[in-house]
Amino acid sequence: MDSIAGVMVSCMVYRPIFQSWTYGEQFGIQASLYIGLDNVACSSGSWDSCTFRTLENCGHSEDVHLNCVPEVTSSSFTIVNEAGGDGQGRGLLLFNGQTVCDDSFSDNSATAICGLMGYSGFQSWTY
């Protein structure tokens with residue numbers, strides 16, 4: 001594991017616990033969105049280390065919900081709340097307005113994507 005990602009993962013052991021929704025729970029807006037990314041696999045906490053597919057074999061029950069640590073800029077990724085508004089770093093992860101499937105998603109993926117959005121890291125993620 002990359003040393004920076006390893007430190008973040010060891011400091012943030014929250015992955016199985018997410019404070020605002022539970023496994024299998026879906027936001028109402030998910031059904032109206034396409035799944036835009038699948039198999040997001042990162043070998044470190046940098047987006048440059050990530051591979052992914054834009055063809056998917058997922059259902060919305062596998063959509064990633066991500067909770068980034070504050071410090072915001074912009075990118076192709078956004079996080080929305082249940083109503084589809086700005087999730088302020090916490091909620092349903094979108095890539096170019098489409099959901100992201102959890103296949104191959106990991107703590108490294110969360111670190112890379114949060115970093116790409118200008119956050120200093122992530123606190124937790126679930127699907």
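Here are some numbered notes on this predicted model, covering confidence, disulfides, aromatic pairs and the nonpolar cores.

1. **Where to trust the coordinates.** The mean pLDDT of the protein is 77, and 76% of the residues score at least 70. Among the elements, β6 has the highest mean pLDDT, at 92, while helix α1 (residues 3-11) has the lowest, at 32. Over residues 1-18 the pLDDT stays under 50, and the model has 30 contacts beyond four places in sequence for this stretch. Where pLDDT is low, the predicted coordinates should not be read in detail. Please keep that in mind when you look at residues 1-18, where pLDDT is under 50.

2. **The first disulfide to look at.** The count of disulfides is two. One of them joins Cys-42 and Cys-50, whose sulfur atoms lie 1.9 Å apart. This link of Cys-42 and Cys-50 is right-handed, with 105 degrees about the S-S bond. Both cysteines, Cys-42 and Cys-50, are buried.

3. **The other disulfide.** Cys-58 and Cys-101 also form a disulfide, with 1.8 Å between their sulfur atoms. The torsion about the S-S bond of Cys-58 and Cys-101 is about -85 degrees, so this disulfide is left-handed. Cys-58 sits in the loop between β2 (50-53) and β3 (65-69), and Cys-101 in the loop between β6 (98-100) and α2 (107-116); the pair therefore ties together parts that are 43 residues apart in sequence. Cys-58 and Cys-101 are both buried. If a reminder is welcome, a disulfide is a covalent bond between the sulfur atoms of two cysteines.

4. **An edge-to-face ring pair.** The structure holds five aromatic pairs. In one of these, the ring centres of Trp-47 and Phe-77 are 5.1 Å apart; their planes meet at 80 degrees, so the pair is edge-to-face. Trp-47 belongs to the loop between β1 (35-42) and β2, and Phe-77 to strand β4 (residues 77-80), so the pair links distant parts of the chain, 30 residues apart. Trp-47 and Phe-77 are both buried.

5. **A tilted pair, and the cluster.** Phe-77 also pairs with Phe-95: their ring centres are 4.9 Å apart and their planes lie at 50 degrees, so this pair is tilted. Because Phe-77 lies in strand β4 and Phe-95 in strand β5 (residues 90-95), the pair ties together parts that are 18 residues apart in sequence. Phe-77 and Phe-95 are both buried. Ring pairs link Trp-47, Phe-52, Phe-77 and Phe-95 into a cluster.

6. **The nonpolar cores.** The largest nonpolar core has 22 residues, and those touching the most other members are Leu-66, Phe-77, Leu-93, Val-100, Phe-105 and Ile-113. Two or more residues of this core come from each of β1, β3, β4, β5, α2 and β7 (121-126). Helix α2 gives the largest share, four residues. Leaving aside residues up to four places away in sequence, Phe-105 touches Val-40, Val-64, Leu-93, Val-100, Ala-110, Ile-113 and Trp-125. Another core lies apart from the largest one; it has five residues, among them Phe-27, Leu-33, Val-80 and Leu-94.

7. **A small detail at Ser-44.** Ser-44 is in the loop between β1 and β2. Its relative accessibility is 12%, so Ser-44 counts as buried, the cut-off being under 20%. A polar atom of the Ser-44 side chain lies 3.2 Å from the backbone nitrogen of Ser-46.

Technical notes
Residues numbered from 1 in each chain as written. Heavy atoms only, no water. Disulfide = S-S within 2.5 Å. Buried < 20%, exposed > 50% of the residue type's maximum accessible area, 1.4 Å probe, protein only. Phe/Tyr/Trp six-rings, centres within 6.5 Å; stacked < 30°, edge-to-face > 60°. Polar contact = N/O pair within 3.5 Å; in protein donor to acceptor, adjacent residues only side chain to side chain. pLDDT = per-residue confidence, 0-100. Contact = heavy atoms within 4.5 Å. Core = buried A, V, L, I, M, F, W, Y, C linked by side-chain atoms within 4.5 Å.
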